[in-house]
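Visitor: Could you take me closely through the pockets of this protein, and say what lines them?

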Amino acid sequence: MTTDHEPSSHNDAKQTGLRLERRGAVALITIDNPPANTWHEASLTALEQHIDALNADPEIQALVIVGAGEKFFSAGADLKRFSEGGKPAALEMATRFGRAFEALGAYRGVSIAAINGYAMGGGLECALACDIRVIERQAQLALPEARVGLLPCAGGTQHLPWLVGEGWAKRMILCGERIDAERALAIGLVEEVVDTGAALEAALALAATSTQQSPEALARCKRLIMNARHQDLPSGYRMERELFLELFDTDAPTEGIGAFLDKREPRWHSDSMRRGEGS
């Protein structure tokens, strides 16, 4: 992990197409693979490794992902990776995409996509794997894989219907419809629209608010929300009660309630996220 505001080394960033830096309790990953911030084998592997490292770092409580430059968040996969090498190469890329974005989706803290430009294909799938999406007014979103004889293979067909419903998911995937920021907000694909150039600042501010939460409570809340996608309500109710009681095996309730009654800010222990994430 890098120190505050110190990005990962230039050589590492150039090789992987990702830059990682730490801003207090928030980690910032910048997709930096010009000209369109596309994903390749090294960047997908690096993302998975970064997520593993962040999960193990108790000082980091939130993650923001943004694209380098002003035009692209990420244009997705480099299509040459799929056109060369046939089925074995396609399997390798699909596996790497799946592993990287599944790791991102399972990140134990809050993850926020600062969509500062075009987010196409795997670029949009990266944003879909995050918990929250902030988009700049000029940005556009699409899952155009079927137009080139492919399909979204990194969670797009699974995450998108959950967020926007079956109809809009079919319009975007089956009809290849590209949508703008206001439409994305209206259908629930993003949570906030900001002016051009403001996505990163807004995402970092939102991430900072999440760091005021109890890490133990936050991790369990996120697990419950994500599990609601695939379990029935009675199971969810039981899990809520189980994880609620599990919190009392940590010092989170004592510190949080005590701070509230004392009218002070809670002091969460730096090792709190190592203990009892409920996973």
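Guide: What follows is a look at the largest pocket and then at the second largest pocket. The model is a predicted one, and every value here is computed from it. The largest pocket encloses about 1,000 Å³ of space, and of the 41 residues that line it, those closest to its centre are Gly-105, Asp-131, Lys-222, Arg-223 and Met-226. Five elements each give two or more residues to this lining, namely helix H4 (86–105), helix H5 (122–129), strand E7 (132–136), helix H6 (156–164) and helix H10 (215–227). Helix H10 accounts for the largest share of the lining, with 9 residues. In chemical character, the lining of the largest pocket divides into 20 nonpolar, 13 polar and 8 charged residues.

The second largest pocket has a volume of about 480 Å³, and it is lined by 24 residues, among which Leu-79, Gly-121, Glu-145, Val-148 and Leu-150 lie nearest its centre. Helices H4 and H5, which were named above for the largest pocket, each supply at least two residues of the lining of the second largest pocket as well. Here H4 gives the most, with 5 residues, whereas in the largest pocket that place belongs to H10. The lining of the second largest pocket divides into 15 nonpolar, 5 polar and 4 charged residues.

Key: Residues are numbered from 1 along each chain as its sequence is written. This is a predicted model: local features need pLDDT of at least 70, side-chain atom pairs count only at pLDDT 80 or more; totals for chains, interfaces and linings use all residues. Side-chain values use heavy atoms; hydrogens and water are left out. On a 1 Å grid over the protein atoms alone, a cavity is a set of points where a 1.4 Å probe fits but cannot get out, and a pocket is an open set with protein on both sides within 12 Å along at least five of seven lines; lining residues have an atom within 4 Å of a point. Grid points are joined across faces, edges and corners, and a volume is the space filled by probe spheres set on the points. Helices (H or I, at least four residues) and strands (E, at least two) are DSSP runs, numbered from the N terminus. Ala, Val, Leu, Ile, Met, Phe, Trp, Tyr, Cys and Pro count as nonpolar, Asp, Glu, Lys and Arg as charged, and the others, Gly among them, as polar.
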